Amino acid sequence: MGLGQAAWREARESLRNLLSTSCARLRDDTDLRRRAFTAQASAAMHLPAAIGDYTDFYSPRQHGTNVGIMFRGGENALMPNWLHLPVGYHGRASSVVVSGTPIRRPTGQMRPDDAKPPVFGPCKLLDMELEMAFFVGPGNSLGEPIPISRAHEHIFGMVLMNDWSARDIQKWEYVPLGPFLGKSFGTTISPWVVPMDALLPFAVPNPEQDPQPLPYLRHDRPYTFDINLSVTLKGTVVRSETVSRWAPGLLGGRGWLEPESFGSLLELSWRGTKAVDLGNGQTRKFLLDGDEVIITGHCQGDGYRVGFGQCAGKVLPALLPA
């Protein structure tokens with residue numbers, strides 16, 4: 001990832017040529033294919049990179065508006081800075097795990113009754129968030145900014161992401177950041193990193209932003225990637241066919257959803273005021289122990305598909321201190 005765009009393209013083109021049906025080197029050598037390939041079913045997937053830092057952006061606008069309406073009302077849904085700069089915070093890089101890793105229900109302080117002292121215990125409002133993330137390539141030297149016009153040269157590729165959230169713990173422990181804008185307790189990503197070059201055929205122009213960002217945040221070719229995402233909970237699809245949006249220059253990870261869509265149970269249940277019908281005789285407001293969340297995604301081309309694999313995690317019961 002650190003070698004830069006020229007090296008990425010060279011490696012990708014070499015692999016494309018080797019795997020092409022017109023390349024006899026692998027096509028006609030059974031023994032070489034046996035040594036070169038591993039069956040997907042028997043492969044153990046790992047994190048695709050050593051993640052030294054992780055920034056989570058509070059987006060998209062629809063998500064920020066939804067959460068703001070729940071806690072501040074429609075007139076003050078978005079904080080004043082939201083429309084002018086990418087709002088984000090540092091996540092826990094050490095808590096990023098690969099798809100298939102079980103997630104333990106977190107414990108912490110909560111204050112369900114504002115008239116009483118806080119209590120300690122397992123999270124009761126456990127949530128997931130449908131997101132995308134990207135890996136940064138070469139990056140920059142300390143103190144040297146990356147011009148927005150060259151930001152795309154530093155983005156290696158994208159993965160699916162589930163940002164697990166303990167809503168009741170966040171509300172109390174991270175109240176300085178705003179209601180429910182606290183740090184997540186863990187993040188699951190898919191092991192497949194889709195290079196940006198593979199996504200370019202699915203890029204469409206971004207709509208004009210109102211208000212216009214300051215000049216240092218303006219890109220002459222802003223675009224959106226059309227990515228079909230779906231979430232499965234207990235074998236039932238609860239959210240599908242959303243559009244994932246990404247713009248050059250956002251150095252971190254976060255999901256983008258189309259307007260009128262919901263990417264979390266907080267939104268689907270509207271802060272727990274209504275149950276979400278899973279379609280199999282069960283309902284949820286937030287996640288229960290034993291629930292497994294599976295996020296899948298792909299870009300659909302004309303006769304072909306670019307897939308992101310799976311981003312899956314199962315909720316395990318909390319472990320309380322002795």
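A salt bridge is here a side-chain nitrogen of Lys or Arg lying within 4 Å of a carboxyl oxygen of Asp or Glu. By this criterion, a search of the whole structure, which is a predicted model, returns 10 salt bridges. The individual pairs are taken up below, after an outline of the fold.

The protein chain has 322 residues, of which 43% are classed as buried. Its secondary structure consists of seven helices and 19 strands. Among contacts in the protein chain with a separation of 6 or more, 68% are between residues 24 or more positions apart. The exposed area of the protein chain comes to about 17,200 Å², and carbon and sulfur atoms contribute 55% of this area.

Among the salt bridges is the pair formed by the side chains of R167 and E129, with an N to O distance of 3.6 Å. This pair connects distant parts of the chain, the two residues being 38 residues apart: R167 belongs to helix 5 (residues 167–173), whereas E129 occupies the loop between strand 7 (126–127) and strand 8 (130–136). R167 has a relative accessibility of 2% and is therefore buried, since the cut-off for that class is under 20%. E129 is likewise buried, because its relative accessible area is 7%.

A second pair consists of R150 and E153, whose closest N and O atoms are 3.0 Å apart. R150 counts as partly exposed because its relative accessibility is 46%. E153, at 23% relative accessibility, also falls in the partly exposed class. R27 forms a salt bridge with D28, and here the closest N and O atoms are separated by 2.9 Å. With a relative accessibility of 44%, R27 is partly exposed. In addition, a network of salt bridges links D31, R34 and R35.

At the surface, L15, L19 and F37 make up a nonpolar patch of about 320 Å². L19 is part of helix 1 (residues 5–19). The relative accessible area of L19 is 56%, so this residue is classed as exposed, for which the cut-off is over 50%.

Attention now turns to helix 4 and its surroundings. The "active site" annotation in the unreviewed UniProt entry covers H63. In the model, H63 is located in helix 4 (residues 61–72). H63 is buried because its relative accessible area is only 6%. Helix 4 comprises 12 residues and extends 15 Å from its first C-alpha to its last, close to the 16 Å expected at 1.5 Å a residue. The buried residues of helix 4 are H63, G64, N66, V67, G68 and M70. An α-helix has 3.6 residues a turn, so residues three or four places apart point the same way. The buried residues of helix 4 pack against helix 7 (265–268).

The segments on either side of helix 4 also have distinctive backbone features. In the loop between strand 1 (55–57) and helix 4 lies P60, which is joined to S59 by a cis peptide bond with omega of about 5 degrees. Just after helix 4, G73 adopts a positive phi of about 90 degrees. N76 lies in the loop between helix 4 and strand 2 (88–90). Because its relative accessible area is 48%, N76 is partly exposed. N76 and T65 are 11 residues apart in sequence, and their C-alpha atoms are 8.9 Å apart in space.

Further backbone features occur elsewhere in the chain. Most residues other than glycine have a negative phi, and most peptide bonds are trans. A cis peptide bond with omega of about 5 degrees joins D210 and P211; P211 is placed in the loop between strand 12 (203–205) and strand 13 (223–225). W270, which is not a glycine, has a positive phi of about 45 degrees. W270 is situated in the loop between helix 7 and strand 16 (276–277). At a relative accessible area of 27%, W270 is partly exposed. R271 lies in the loop between helix 7 and strand 16, and its phi, near 65 degrees, is a positive value in a residue other than glycine. R271 is partly exposed because its relative accessible area is 37%.

Methods
Residues numbered from 1 in each chain as written. Predicted model: local features only at pLDDT ≥ 70, side-chain atom pairs only at ≥ 80, totals over all residues. Heavy atoms only, no water. Buried < 20%, exposed > 50% of the residue type's maximum accessible area, 1.4 Å probe, protein only. Helix = DSSP H or I, 4+ residues; strand = E, 2+ residues; numbered from the N terminus. UniProt positions renumbered as here; feature names shortened; annotations may be inferred. Patch = residues over 30% accessible without salt bridge, like charges linked within 9 Å, V, L, I, M, F, W, Y side chains within 5 Å. Areas by Shrake-Rupley, 256 points an atom, 1.4 Å probe, with all protein chains shown as cover. Contact = heavy atoms within 4.5 Å. Expected span 1.5 Å × (residues − 1).
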